[in-house]
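User: Please take me through the core, one sheet and the charged pairs of this protein. Start with any term I need.

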Amino acid sequence: QVQLVESGGGLVQAGGSLSLSCAASGRTLSYYDMGWFRQAPGKERQFVAAINRSGSSTVYEDSVKGRFTISRDNTKNTVSLQMNSLKSEDTAVYYCAAKNFWVNKYAYWGQGTQVTVSS
């Protein structure tokens, strides 16, 4: 079983950038497809981006395409989310998640990190 811890959140002005990191322990991340999700106050959790085990394939939610980049370093057991051109609507708690590649459900979640974008 893998444990996930996010870091890198904070307060940033609109148009600015933040880089989130997700560190894994307990098992190597190379076993898992990884994703980033976010949840804004009063809203349901939303998919943001995903990356496969090798890092060769990525998927993004439409509103973040061209602004966010997901990446991973399996040697360091980390996954990152580089967020550029941030907008106020990006404000949310961001969660890192892991899933076994043969299923569609993300089974392992971090505790989340707050990202606040001021306009």
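Analyst: A nonpolar core is a set of buried Ala, Val, Leu, Ile, Met, Phe, Trp, Tyr and Cys residues joined through side-chain atoms within 4.5 Å. Buried means under 20% relative accessible area, exposed over 50%, and partly exposed in between (1.4 Å probe, protein chains only). This is a predicted model, in which local features need pLDDT of at least 70 and side-chain atom pairs count only at pLDDT 80 or more, while totals for chains, interfaces and linings use all residues. Residues are numbered from 1 along each chain as its sequence is written, and side-chain values use heavy atoms, without hydrogens and water.

User: How many residues does the largest nonpolar core have?

Analyst: Strands here are DSSP runs (E, at least two residues) numbered from the N terminus. Among the elements giving two or more residues to this core are strand 3 (18–25), strand 4 (32–39), strand 8 (78–83) and strand 9 (92–100). Leu4, Met34, Trp36, Leu81, Met83 and Tyr94 have the most contacts inside the core (contact: heavy atoms within 4.5 Å). The core has 30 residues.

User: Which residues of strand 3 point to one face and are buried?

Analyst: In a regular strand the side chains alternate between the two faces of the sheet. Along strand 3, Ser19, Ser21, Ala23 and Ser25 point to one face and are not buried. Those that point to the other face and are buried are Leu18, Leu20, Cys22 and Ala24.

User: What is the order of the open sheet of four strands?

Analyst: Two strands pair if DSSP finds at least two bridges between them. Strand 1 (3–7) and strand 3 pair over five bridges, six bridges join strand 3 to strand 8, and six join strand 7 to strand 8. The pairing is antiparallel, and the order is 1-3-8-7.

User: Which residue in strand 8 is the bridge partner of Ser19?

Analyst: Strand 3 and strand 8 run antiparallel. On the strand 7 side, Thr69 has Gln82 as its bridge partner in strand 8. The partner of Ser19 in strand 8 is also Gln82.

User: Which residues are linked with Asp90 in a network of salt bridges?

Analyst: A salt bridge is a side-chain nitrogen of Lys or Arg within 4 Å of a carboxyl oxygen of Asp or Glu. Asp90 meets Arg38 at 2.9 Å, N to O, and Arg67 at 2.7 Å, N to O. Asp90 lies in the loop between strand 8 and strand 9 and Arg67 in the loop between strand 6 (58–60) and strand 7, so this pair ties together parts 23 residues apart in sequence. The residues linked with Asp90 are Arg38 and Arg67.
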